[in-house]
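Me: Please take a close look at one part of this model, the sheet and the helices packed against it. I would like a connected account rather than a list.

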Amino acid sequence: MALNINIKDNTSHAVDINSSVDLIRIAANASLDKKKKSTLGQFFTPSPIGMFMASLFDSIQGDVKLLDPGCGSGSLTACFVAEAITRRTTISIKADTSDIETTIKPYLKETMEMLGVECSKSSLEFSYHHSVSDFILRSSNIISAGFLSHEPAQYTNVIMNPPY
């Protein structure tokens with residue numbers, strides 16, 4: 001499938017993706033228990049902030065392996081993908097997402113499916129793998145066990161909010 005839109009339309013297209021994803025983010029945020037959200041320090045990043053963060057990457061090109069360790073509903077991954085679509089230098093994106101919260105899984109799935117469709121429209125391959133786990137604990141367990149027992153994942157890009 002050929003990409004038949006100009007840069008201006010492509011930027012507008014990226015903004016449309018994030019407007020839709022922002023609505024998913026708001027719905028996911030509303031579904032969370034407020035006490036649990038506070039205890040876990042959950043913050044679902046609005047699209048304007050995520051777009052700014054994604055614009056800061058020096059390089060988004062070729063075959064990208066993206067890590068989003070506290071993905072929530074997928075807002076930051078969506079902003080990264082929108083930036084990749086805008087730059088038109090990416091062949092494929094494989095996203096590894098992780099979140100401790102199970103409630104948001106259907107919202108994340110909706111976001112990832114939307115990204116798959118939008119990437120397809122831009123002749124960009126997209127896939128993702130999601131892990132319901134505490135990224136910090138999982139990573140520290142791998143380190144504690146020693147890298148010899150587990151091959152560490154390699155990423156070209158990471159998008160995240162603190163505390164990671």
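Reply: What follows goes from the sheet to the helices, then to the core and one buried charged residue.

The model is predicted. Its open sheet has four strands in the order β3-β2-β1-β4, and the pairing is parallel. β3 (125–132) and β4 (157–158) are the edge strands; each has a single partner strand, so one side of each has no neighbour in the sheet. At the β4 edge, the partner is β1 (residues 62–68), joined in the parallel sense over two bridges. Leu66 is the residue that stands opposite Asn157 in β4.

Two helices lie across this sheet. Helix α4 lies across β1, β2 (90–99), β3 and β4, and runs at about 175° to β2. Helix α5 lies across β2 and β3, at about 170° to β3.

The two helices also meet each other. The axes of α4 (residues 75–87) and α5 (residues 105–121) come within 10 Å and cross at roughly 5°. An angle under 35 degrees counts as roughly parallel, and α4 and α5 are therefore roughly parallel to each other. On the α4 side the contact is made by Thr77, Ala78, Val81 and Ile85, and on the α5 side by Thr111, Met112, Leu115, Glu118 and Cys119. By class, the residues of this contact are six nonpolar, two polar and one charged.

The largest nonpolar core has 27 residues, and those that touch the most other members are Leu66, Phe80, Val81, Ile93, Leu115, Phe126 and Ile159. At least two residues of this core come from each of α1, α3 (47–55), β1, α4, β2 and α5. α4 gives the largest share, seven residues. Nonpolar side chains tend to be buried together in soluble globular proteins.

Phe126 shows how sheet and helix residues come together here. Setting aside neighbours within four places in sequence, Phe126 is in contact with Val81, Ile93, Ala95, Met112, Leu115, Gly116 and Cys119. Among these, Val81 belongs to the α4 side of the helix contact, while Met112, Leu115 and Cys119 belong to the α5 side.

A charged residue is also buried. Arg25 is found in helix α1 (residues 7–31). Its relative accessibility is 11%, and since buried means under 20%, Arg25 counts as buried. Leaving aside neighbours within four places in sequence, Arg25 is in contact with Phe44, Thr45, Pro46, Ser73 and Ser75. The C-alpha atoms of Arg25 and Gly72 are separated by 8.1 Å, although these residues are 47 residues apart along the chain.

Conventions. Residues are numbered from 1 along each chain as its sequence is written. This is a predicted model: local features need pLDDT of at least 70, side-chain atom pairs count only at pLDDT 80 or more; totals for chains, interfaces and linings use all residues. Side-chain values use heavy atoms; hydrogens and water are left out. Axes are lines fitted to C-alpha atoms, for helices over the stretch in contact, and angles run from 0 to 180 degrees between N-to-C directions. Angles under 35 degrees count as roughly parallel, over 145 as roughly antiparallel, 65 to 115 as roughly perpendicular and the rest as oblique. Contact means heavy atoms within 4.5 Å. Ala, Val, Leu, Ile, Met, Phe, Trp, Tyr, Cys and Pro count as nonpolar, Asp, Glu, Lys and Arg as charged, and the others, Gly among them, as polar. Two strands pair if DSSP finds at least two bridges between them. Buried means under 20% relative accessible area, exposed over 50%, partly exposed in between (1.4 Å probe, protein chains only). A nonpolar core is a set of buried Ala, Val, Leu, Ile, Met, Phe, Trp, Tyr and Cys residues joined through side-chain atoms within 4.5 Å.
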